[in-house]
Amino acid sequence: MSLTIETQNLKKKFTMNVKGKKETFEAVRGVSLNVQRGEVFGFLGPNGAGKTTTMRMLTTLLPVDEGSAYIVGYDVKHQPQEVRKRIGYVSQLGGGDPNASGRENLLLQGLLYGMSKEETINRTNELVEIFDLKKVIDRKVKTYSGGQKRRLEISLGIIHQPEVLFLDEPTSGLDPQNRANLWHQIKTLRDMGTTIFLTTHYLDEADILSDRLVIVDHGMIVAEGTPQGLKKQVAGDVIEIKLKQFSPETDQLKKELNVQPYIREVHWEKQHLRLYVDDSATCLPNIVDWLKIYKMDVDSLSLSQPSLDDVFLRQTGRSLRDSGVSKEEKQ
């Protein structure tokens, strides 16, 4: 397989005014990627991790400060026009004219990409079938549901049959049914040979859709591999305990659990205690006994297999699900 996206030490800084003083914030801090042709590549991380900034550089919407980036062999910094011909981009905010019909949006998009009128009409009809838009295609876009609008936006991004499609949080704000429908469409595009670069903060989405993925935090890659390969790094079972309130004895309980031979790792975050064990059935009674000894008021206790969130927790010391908004998102 050949590479469609290749970056080396990609960096981006922003200067902001904070209380009257200029401060420099490094949003992307040396990202190196290799994306193969015809795969879904997940770019996973908490809000503000540098996902959207990286994507905007790769799609020529932001200048690259340092490092190099190539899309289908073309230099993003020095050949932006060639890059734009070969990519599609669907942002978080979407696109298209809400006061025009879906068909009018698609026809205009095709003509803007230099397609002939006949090519554009044929391609529009094809996309209407692929994305199940027949019932709404001649209605104004402002009347579309969230799922219908998102399917149209992806159609706009691929009308010129790009080699690479960039999707920035494609299912954000959609209900579970529409998310599942869009996942199916993304897999269909992959099967048709399109390389898809997907940013998301949804763990299940990255797990299900990605052939390979990276996890980023504070503008740097902290983990890379297949979803299954990354989860195998965290072997065994996960016991998650949520306490009703913080107790002064919590730190002592953590110390006790840390030295138990049946527990491999202990992570404490806010009111959540996460334990990594080899066999939950064997050690769970002992853990419950320790909770009773220290009089912990337990809200819930759950057992699960390791997830991508556990991979992130292991690499950063905190949960990806609970990571807050950073400076990048506040710009």
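Tutor: Quick start: two strands count as paired when DSSP finds at least two bridges between them. Strands (E, at least two residues) and helices (H or I, at least four) are DSSP runs numbered from the N terminus. This is a predicted model, where local features need pLDDT of at least 70, side-chain atom pairs count only at pLDDT 80 or more, and totals for chains, interfaces and linings use all residues. Residues are numbered from 1 along each chain as its sequence is written, and side-chain values use heavy atoms, leaving out hydrogens and water.

Student: In what order do the 4 strands of the open sheet come?

Tutor: Their pairing is antiparallel. The edge strands, E12 (263-269) and E14 (298-304), each pair on one side only. So, going by that pairing rule, look for E12 and E14 at the ends: the order is E12-E13-E11-E14.

Student: How many bridges join E12 to E13?

Tutor: E13 covers residues 272-277 and runs antiparallel to E12. One of the pairs is Glu269 with its partner His272 in E13. The bridges between E12 and E13 number 6.

Student: Which strand does helix H9 run at about 160° to?

Tutor: Angles run from 0 to 180 degrees between N-to-C directions, with axes fitted to C-alpha atoms (for helices, over the stretch in contact). H9 (residues 250-258) lies across E11 (237-243), E12 and E13. The strand at that angle is E12.

Student: What angle does helix H10 make with E11?

Tutor: H10 (residues 280-293) packs on the sheet, touching (heavy atoms within 4.5 Å) E11, E12, E13 and E14. Its direction and that of E11 make about 20°.
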